[in-house]
Amino acid sequence: MVTITQQEVERRLGTVPCAICKASSFGIDERVKGTDGEWRGICKKCYYTFPVHADMEFYLRTQPDVPYRLKEISCTACDHRGVSLDFRATMSVRDAYYFVTCQTCKRQFPEKSSLEAFE
Ligand SMILES: [Zn+2]
Ligand SMILES: [Zn+2]
């Protein structure tokens, strides 16, 4: 089940730079928006597109290591460890981001991931 909204995803994508032009203004390409939580982000400046994965329930089931990693991520605001994963975006082979929420203070921030190299 996908609970995050398209508006929310677009707003939070704006906190990371485009892999090509480094701008931070993105939309979701409506034409290729799947019902399975696989969306496509598009840079509003250079039109670069990249996959956005909104179905985290499924992802966490297939990636058993990820929940452990989430427990190790420190909040950028309160320094407590332990975040929940809202969605992720594979900006490029080297730049994948987890968009997470601190479980303590509810701050939302992007966490660069290095787990996607073999995808
Ligand atoms: Zn761009
Ligand atoms: Zn926090």
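Two strands count as paired if DSSP finds at least two bridges between them. The exercises below apply this criterion to a predicted model.

**Exercise 1. Determine which strands form the sheet, in what order, and where its edges lie.**

Solution.
1. The chain contains 3 helices and 6 strands. Read along the sequence, these elements give the pattern α-β-β-β-α-α-β-β-β.
2. The 6 strands form an open sheet with antiparallel pairing, ordered β1-β2-β3-β4-β5-β6.
3. Its edge strands are β1 (26-28) and β6 (108-113), each of which pairs on one side only.
4. From one strand to the next the twist averages 30°.

**Exercise 2. Trace the pairing from β1 through β4 and name bridge partners along the way.**

Solution.
1. β1 and β2 run antiparallel and are joined by 3 bridges. Phe26 has Cys43 in β2 as its bridge partner.
2. β2 (residues 38-43) pairs with β3 in the antiparallel sense over 5 bridges. Here Trp39 is bridged to Val52 of β3, and Arg40 is bridged to Pro51 of β3.
3. The hairpin of β2 and β3 has 5 residues between the strands, and Tyr47 in this hairpin takes a positive phi near 65°.
4. β3 pairs with β4 (residues 83-90), again in the antiparallel sense, over 2 bridges. Across this pairing, Val52 stands opposite Ala89 in β4.

**Exercise 3. Assign the side chains of β3 to its two faces and state which face is buried.**

Solution.
1. β3 covers residues 49-53, and its side chains alternate.
2. Phe50 and Val52 point to one face; a residue is called buried when 20 or more other C-beta atoms lie within 10 Å of its own, and both of these residues are buried.
3. Thr49, Pro51 and His53 point to the other face and are not buried.
4. For Val52, the assignment can be set beside its pairings: Trp39 is its bridge partner on the β2 side, and Ala89 in β4 stands opposite.

**Exercise 4. Describe the largest nonpolar core: its members with the most contacts and the elements that supply it.**

Solution.
1. The core has 24 residues, of which Val9, Val52, Phe87, Ala89 and Tyr97 touch the most other members.
2. Two or more residues come from each of α1, β1, β2, β3, β4 and β5. The largest share, 6 residues, is supplied by β5.
3. Take Phe87 as an example. Leaving out residues up to four places away in sequence, Phe87 touches Ile4, Val9, Val52, His53, Ala54, Met56 and Phe99.
4. Helix α1 (residues 6-13) lies across β1, β2, β3, β4, β5 (96-102) and β6, and runs at about 155° to β1.

**Exercise 5. Decide whether the overall dimensions agree or disagree with a compact globule.**

Solution.
1. A compact globule of 119 residues would have a radius of gyration near 14 Å.
2. The chain has 14 Å, so the two agree.
3. Along the principal axes, the C-alpha trace spans about 35 × 30 × 25 Å.
4. Buried residues account for 23% of the 119 residues.
5. Among contacts with a separation of 6 or more, 40% link residues 24 or more positions apart.

How values were computed: Residues are numbered from 1 along each chain as its sequence is written. Chains are lettered from A and ligands numbered from 1 in the order in which they are written. This is a predicted model: local features need pLDDT of at least 70, side-chain atom pairs count only at pLDDT 80 or more; totals for chains, interfaces and linings use all residues. A residue is buried if 20 or more other C-beta atoms lie within 10 Å of its own, exposed if 12 or fewer, and partly exposed in between; C-beta atoms are placed from the backbone. Helices (H or I, at least four residues) and strands (E, at least two) are DSSP runs, numbered from the N terminus. Axes are lines fitted to C-alpha atoms, for helices over the stretch in contact, and angles run from 0 to 180 degrees between N-to-C directions. Two residues are in contact if their C-beta atoms, placed from the backbone, lie within 7 Å. The radius of gyration is taken over C-alpha atoms; the globule rule is 2.2 Å times the number of residues to the power 0.38. A nonpolar core is a set of buried Ala, Val, Leu, Ile, Met, Phe, Trp, Tyr and Cys residues joined through C-beta atoms within 7 Å.
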